[in-house]
Amino acid sequence: MSKPIIGIAGSMYVEEKPSFAGDYYDYNNNHYSQCIAKAGGIPIYLPVINHIDIIKEQLSLCDGLLFPGGADINPLIYNELPRPLLGRCNDLIDSYQINLAKLAFSTNYPCLGICRGMQLINIAAGGTLYQDISYATKTPLLHMQNGYLGDKCHPITINNDSLLNSMLGNKYLVNSGHHQCVNTVSSDFKITAKSPDGIIEAIENTSSSKLIFGVQWHPEMLSLNDDKMLNIFKVLIDNC
Ligand code: MN
């Protein structure tokens, strides 16, 4: 059997070098591609292009999708007004990734969301976010770690009745690079892990369709040296 092709949902940054100042550049952290390859898949990159027919064709090239980390998501998408601690958003990226996710859900593609990607799949399925963790709890842990994301930051507790538990067990140390978090979980998902301050750290879908799951931390920064963590990518690929 040929290896499953995993499309990495595109993101963009604005170039600052004078010769291309202000232009959008497609990018992703190469760790995502390396982890997909190490776990037995073929990574391909799907550039941001806001044209639904092209998004359909992009999806048709894939067996599964990975939604990566990135900037904040515009709260207008989940019908909330922006609050003062909202970070920078980009409507072009949001629109592209939400359309890709909704199409992937409706046509039954396995999906993994990482950090912003978990928040995005929750929103695409009808959930909401806290625009900053300080709106969720008065006593948060550090969730935007100051050191390298290849280091661990805080523990999570993993629910028994979850696929994640079969990958990581009941407790695990994870890294953390987020200032937003899930508020209302989509009715299509259940919570599968939390940090000790009650922040939702993982979700997975409850329907019998293809696996859709998300983690709030960055397994791509840990999995090259941690076989248990690599299971997150393996499970995505095994479900393709
Ligand atoms: Mn965290």
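**Close-ups of a predicted model**

**View 1. Tyrosines side by side on two strands.** Y27 comes out as partly exposed, with a relative accessible area of 34%. Keep in mind that this whole structure is a predicted model. Two other tyrosines in this view are partly exposed as well: Y13 at 36% relative accessibility and Y25 with a relative accessible area of 27%. Y13 and Y27 make an edge-to-face aromatic pair, with 5.7 Å from centre to centre and 75 degrees between the planes. That pair links distant parts of the chain, since Y13 is in strand β2 and Y27 in strand β3, 14 residues apart.

**View 2. The rest of the ring cluster.** In total, the structure holds 3 aromatic pairs. Y13 also pairs up with Y25, this time in a tilted way: the centres are 5.8 Å apart and the planes meet at 35 degrees. Because Y13 belongs to strand β2 and Y25 to strand β3, this pair ties together parts that are 12 residues apart in sequence. Add F20 to the three tyrosines Y13, Y25 and Y27, and you have a cluster linked by ring pairs.

**View 3. The manganese ion and its donors.** Who holds the manganese ion? It is coordinated at 2.3 Å by H143 (ND1), H154 (NE2), S176 (OG), H178 (NE2) and E201 (OE). Along the chain, these donors follow the spacing H-x10-H-x21-S-x1-H-x22-E. Take H154 and E201: the first is in strand β8 and the second in strand β12, 47 residues apart. H154 counts as buried because its relative accessibility is 2%, and E201 is buried too, at 0%.

**View 4. The largest pocket.** This pocket holds about 700 Å³ of space. It is lined by 33 residues, and the closest to its centre are Y27, G70, A71, D72 and R88. Strands β2 and β3 and helices α3 and α4 each supply at least two residues of the lining, with the largest share, 4 residues, coming from β2. Sorted by class, the lining has 14 nonpolar, 13 polar and 6 charged residues.

**View 5. Helix α4, tucked inside.** All of α4 is buried, 9 residues of 9, so the helix is largely enclosed by the rest of the structure. Among these buried residues are R116, M118, L120 and I123. After α4 comes G126, which has a positive phi, near 105 degrees.

**View 6. A charge over a ring.** Here the charged end of R83 sits over the ring of Y135, 3.9 Å from the ring's centre.

Notes
Residues numbered from 1 in each chain as written. Predicted model: local features only at pLDDT ≥ 70, side-chain atom pairs only at ≥ 80, totals over all residues. Heavy atoms only, no water. 1 Å grid on protein atoms, 1.4 Å probe; cavity = no way out; pocket = protein on both sides within 12 Å on 5 of 7 lines; lining within 4 Å. Points joined across faces, edges and corners; volume = space filled by probe spheres on them. Nonpolar A, V, L, I, M, F, W, Y, C, P; charged D, E, K, R; others polar. Donors = N, O, S within 2.8 Å, 3.2 Å for Na, K, Ca; no water. Buried < 20%, exposed > 50% of the residue type's maximum accessible area, 1.4 Å probe, protein only. Phe/Tyr/Trp six-rings, centres within 6.5 Å; stacked < 30°, edge-to-face > 60°. Lys NZ or Arg CZ within 6 Å of the ring centre and 35° of its normal.
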